[in-house]
Amino acid sequence: MQHELILILDFGSQYTQLIARRVREQGVYCEIHPFHLSVEKIVEMNPKGVILSGGPSSVTDEDAPRVDSDFYDNIDAPILGICYGMQMLAIDLGGKSEPAEAREYGHAKLKRLSGKTSLFKDLPEKLDVWMSHGDHVTELPEGFNKTATTGEVITAIENPERQIFAVQFHPEVSHTPKGKDILRNYLFDICGCHGDWTPKQFIEEEVEKIKSIVGETGKVVCGLSGGVDSTVAATLVHEAIGDRQICIFVNNGLLRHREFEDTLKLYKDKLHLNVVGVDASKEFYEELKNITDPEEKRKIIGRKFIEVFDAEAHKIDGDVEYLVQGTLYPDVIESVSLRGSSVTIKSHHNVGGLPEKMNFKLIEPLRELFKDEVRVIGKDLDIPDEILQRHPFPGPGLAVRILGDITPEKVELLQSVDKIFIEELHENDLYNETWQAFAVLLPIQSVGVMGDFRTYEKTIALRAITSTDGMTADWARLPHDFLAKVSSRITSEIRGVNRVVYDISSKPPSTIEWE
């Protein structure tokens with residue numbers, strides 16, 4: 001793609017992806033690469049600017065990650081160091097960075113110093129910022145100015161002549177309210193970006209790219225899961241080559257209530273995809289019989305999916321050369337090792353990790369996008385909100401929400417419970433307030449009383465969380481009256497359940513799913 005580029009070199013910060021998202025939000029295309037990317041490659045990429053991320057290391061450690069020694073003399077683009085990036089460039093250019101007596105974590109009040117500074121242009125003298133560091137710069141490199149402090153700590157420095165800027169705080173996090181303005185000053189005033197990264201342009205470019213790859217007669221197969229990523233990927237490819245893309249939507253018997261039937265109808269009637277629906281639920285149930293270990297469940301479901309998908313793909317008339325996958329940019333980023341010069345690729349296939357023997361070439365139209373960007377692209381492709389705003393759903397489906405062995409009866413029970421929970425979230429305008437919400441069937445029974453009878457029946461756990469990316473999450477503070485109504489409906493309408501509990505664990509220390 002011929003777009004202006006901001007390059008982010010990653011030193012292992014938990015916030016690196018946030019930097020990229022904040023840059024993209026301002027209409028500027030950016031890429032994340034490991035810190036050891038060669039200077040030659042960076043020059044070849046011709047970035048408009050280079051951002052050095054934060055990281056968990058101390059810059060004084062013997063094995064601390066560093067850019068190449070000739071980096072600063074050969075990069076002809078403005079550089080912005082953030083946190084660790086600031087400490088590293090200060091030392092590299094002749095200054096000093098040392099462990100702080102009092103480390104800074106959390107909220108801090110920044111004071112901008114008098115004098116001209118492009119990075120803080122049009123911003124107040126005092127700013128709320130977010131800190132997360134144990135080292136700090138104690139001596140400036142030659143030619144650098146101190147532009148902001150928090151107490152006695154040097155918080156921002158710059159060398160306008162060399163176009164090198166650095167901040168100790170994290171402008172990319174929401175806890176730095178003016179962080180977007182600081183990044184905007186860097187992108188547009190310092191780097192001279194114009195903001196040519198738009199959903200419309202992405203769609204047009206990707207459609208042309210797919211056409212050129214597939215040609216005028218080539219055929220493509222796509223594995224649909226019913227989720228956002230695979231649906232947007234398939235719709236984008238359909239824009240390019242129409243019915244020469246054959247989509248395969250497999251029902252493993254572990255989807256939500258009527259998800260297979262309703263989503264298949266939506267694919268055909270609203271998105272006009274050339275889709276084949278395969279109900280293989282009985283085959284999956286047979287393979288999962290008496291299996292209780294969650295990891296074994298996953299392996300069985302993945303292997304069985306490949307078998308079903310492969311068999312269906314071989315029924316297609318003519319040669320199919322390409323496979324469409326909904327790989328996203330976070331998958332690509334996580335596939336690259338930050339340490340050493342080798343690149344380690346992880347398997348991030350939304351269709352379960354299809355083996356090489358299937359001999360397909362990959363088309364991954366979303367591999368440059370974050371999840372929120374995928375939804376924006378989907379909106380431009382007229383994909384209905386019932387898919388775009390759908391909560392994330394695990395690949396193994398309800399198999400990891402039924403603790404213990406899997407039976408058709410347990411699946412039907414959990415589907416009915418989950419349906420009530422989701423219905424009530426929609427009815428009370430709470431669905432879009434939660435990032436994910438679902439029910440879990442626990443492998444325990446408890447004593448209850450229904451009417452004049454003593455019961456000994458199943459227990460359901462409800463889980464609802466808030467999050468931005470799923471990497472961290474907090475339990476959703478749903479209203480007590482709402483939870484009471486959901487619990488009452490479940491125990492009244494679903495035979496075999498007499499107790500409902502609500503999960504109030506955050507991630508970490510818990511995970512989002514129970515298995």
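Where does Pro509 lie? Keep that in mind while you get the view set up: this is a predicted model, so treat each stop as a look at computed coordinates.

**Stop 1: the prolines**

Select Pro509 and you land in the segment after strand 18. Pro508 lies in that segment after strand 18 too, and the strand itself covers 497–502. Now show the backbone as sticks and add Lys507. The peptide bond that joins Lys507 and Pro508 is cis, with omega about -15°. Step along to the bond between Pro508 and Pro509: that one is also cis, and here omega is about 10°. If you like checking torsions by hand, pick the omega atoms for Lys507–Pro508, then do it again for Pro508–Pro509.

**Stop 2: two positive phi values**

Jump to His272. You'll find it in the loop that runs between helix 8 (259–269) and strand 12 (275–279). Its phi is near 55°, which is positive even though the residue isn't glycine. Is His272 buried or exposed? Turn on a surface: His272 counts as exposed because its relative accessibility is 51%, and the cut-off for exposed is over 50%.

Next, select Asp382. This one is in the loop between helix 12 (371–380) and helix 13 (385–388). Phi of Asp382 is near 65°, again a positive value in a non-glycine residue. Asp382 has a relative accessible area of 64%, so it is exposed.

**Stop 3: the sheet**

Hide the side chains and go to cartoon. Which order do the strands of the open sheet follow? Colour them as 12-11-10-13-14: there are 5 strands, and the pairing is parallel. Look at the two ends, where strand 12 and strand 14 (361–363) sit; each has a single partner strand, so one side of each has no neighbour in the sheet. Going from one strand to the next, the twist averages 25°.

Zoom in on the end of the sheet with strand 14. Strand 13 (residues 322–324) runs parallel to strand 14, and 3 bridges join them. For a landmark, label Val324 and Ile363: Val324 stands opposite Ile363, which belongs to strand 14.

**Stop 4: the helix on the sheet**

Last, bring helix 6 (residues 199–214) back into view. What does helix 6 touch as it packs on the sheet? Its contacts are with strand 10 (220–224), strand 13 and strand 14. Line up your camera with strand 14, and you can compare directions: that of helix 6 makes about 165° with that of strand 14.

Methods:
Residues numbered from 1 in each chain as written. Predicted model: local features only at pLDDT ≥ 70, side-chain atom pairs only at ≥ 80, totals over all residues. Heavy atoms only, no water. Helix = DSSP H or I, 4+ residues; strand = E, 2+ residues; numbered from the N terminus. Buried < 20%, exposed > 50% of the residue type's maximum accessible area, 1.4 Å probe, protein only. Pairing = 2+ DSSP bridges. Axes fitted to C-alpha atoms, helices over the stretch in contact; angles between N-to-C directions. Contact = heavy atoms within 4.5 Å.
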